[in-house]
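I sat down with this one to jot notes as I went through it. Here is the entry I started from.

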Amino acid sequence: MLQLLVLASLALLGLCSENNRVIGGTEAAPNAWPWQVSLQGWAGYWYHTCGGTLIRNRWVLTAAHCVDSPTTTYRVVLGDHNIYEDDKTEQYMFVQYAIIHEGWNGDLSVGNDIALVYLAQDAVLNQHVQLGNLPDAGATLPNGYLCYVTGWGYTRNGGYVSSTLQQAAINVVSYEVCSQLAWWGDYVNNNMVCAGGDGIVAGCQGDSGGPLNCEYNGIYYVHGATSFIAAAGCDTYMKPTVWTRVSAYIDWINNKIALY
């Protein structure tokens with residue numbers, strides 16, 4: 001039976017080289033993706049565990065599996081580039097609480113791997129920290145559409161989290177293709193977005209919750225929150241990285257934010 005693997009990082013591993021790359025990617029320019037955040041956990045020290053997207057001054061969108069540990073204290077770092085150094089652009093915010101989708105039960109193939117994080121204070125928007133744009137409700141992308149995966153995730157299978165934010169151009173694999181038996185089959189559903197699967201470019205551990213950035217008419221929209229890959233390896237051929245499809249949850253996002 002095919003095994004799935006979440007893309008959260010479980011520990012802070014400070015041995016990664018400055019020259020490491022996201023699988024198939026390159027180092028991003030500092031704050032090129034100003035809505036990208038580092039979600040960090042506390043274990044006697046702060047460690048990067050997941051990515052996320054700032055969508056309101058006090059709200060971050062991420063994956064449910066990134067914040068479903070009731071015993072972990074979390075913080076979010078905004079405006080970061082090198083997670084091991086002081087870039088002098090960072091804003092550090094404690095997580096006041098997390099709202100996990102009611103349909104999340106830990107089964108990645110069922111989906112609903114989405115959560116909202118409410119920050120203890122408002123983010124200060126500037127050239128380093130900006131809000132991510134969300135797509136229209138129900139929007140889908142055609143097969144082959146060019147997007148970007150971003151994050152501090154592993155730069156190779158069995159590697160380390162990256163010190164600097166990485167980016168990689170990645171092509172969408174439509175649901176009609178991704179759900180074919182030779183691809184992901186019934187492990188994916190229409191509330192997910194697949195991209196990659198070429199054996200070269202992929203998200204990896206530590207990229208969980210982070211954005212799938214897709215440009216339309218000169219504006220980038222966040223179409224996904226990174227969810228899972230095949231346990232056989234992040235860059236497994238015909239097993240694309242899978243994101244929760246944000247456009248399927250626009251009403252859920254708006255309704256939850258409206259309550260606070």
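What follows are my notes, going from the whole fold to the details.

**Overall**

I'm working from a predicted model, so I kept that in mind throughout. I looked up the secondary structure first and got 2 helices and 14 strands. Next I checked the radius of gyration: it is 16 Å, close to the 18 Å that the globule rule gives for 260 residues, so the protein is as compact as a globular protein of that length. I also took the box along the principal axes, and the C-alpha atoms fill roughly 45 × 45 × 40 Å.

**Barrel**

Which strands make the closed barrel, and in what order? I traced 6 strands, running E3-E4-E5-E8-E7-E6, with antiparallel pairing. From one strand to the next, the twist averages 45 degrees.

I then zoomed in on one pair in that barrel. Strand E5 covers residues 59-62 and strand E8 covers residues 115-119; they pair in the antiparallel sense over 4 bridges. Who sits across from Val60 in E8? I found Val117 as its bridge partner.

I also wanted to know what helix H2 (residues 250-258) does here, and I see that H2 packs on the sheet. H2 touches strand E4 (46-56), E5, strand E7 (91-100) and E8. I noted the angle too: the direction of H2 makes about 30 degrees with that of E8.

**E9, E12 and E13**

Next I moved on to another set of strands. I have E9 (residues 146-151) pairing with E12 (residues 211-216) in the antiparallel sense, over 3 bridges. Within that pair, Cys147 of the one strand stands opposite Cys214 in E12.

E12 also pairs with strand E13 (residues 219-230), again antiparallel, and here I got 6 bridges. On this side, Leu212 stands opposite Gly224 in E13. I looked at the turn as well: the hairpin of E12 and E13 has 2 residues between the strands, and Asn217 takes a positive phi near 55 degrees.

**Cavity**

Last, I searched for enclosed space. How many cavities of 30 Å³ or more are there? I count 1. The largest cavity has a volume of about 40 Å³. I listed its lining as Asn31, Trp33, Pro34, Gln36, Gly79, Asp80, His128 and Leu165. Sorted by class, that lining has 3 nonpolar, 4 polar and 1 charged residues.

Definitions and conventions
Residues numbered from 1 in each chain as written. Predicted model: local features only at pLDDT ≥ 70, side-chain atom pairs only at ≥ 80, totals over all residues. Heavy atoms only, no water. Pairing = 2+ DSSP bridges. Axes fitted to C-alpha atoms, helices over the stretch in contact; angles between N-to-C directions. Contact = heavy atoms within 4.5 Å. 1 Å grid on protein atoms, 1.4 Å probe; cavity = no way out; pocket = protein on both sides within 12 Å on 5 of 7 lines; lining within 4 Å. Points joined across faces, edges and corners; volume = space filled by probe spheres on them. Nonpolar A, V, L, I, M, F, W, Y, C, P; charged D, E, K, R; others polar. Rg over C-alpha atoms; globule rule 2.2 N^0.38 Å.
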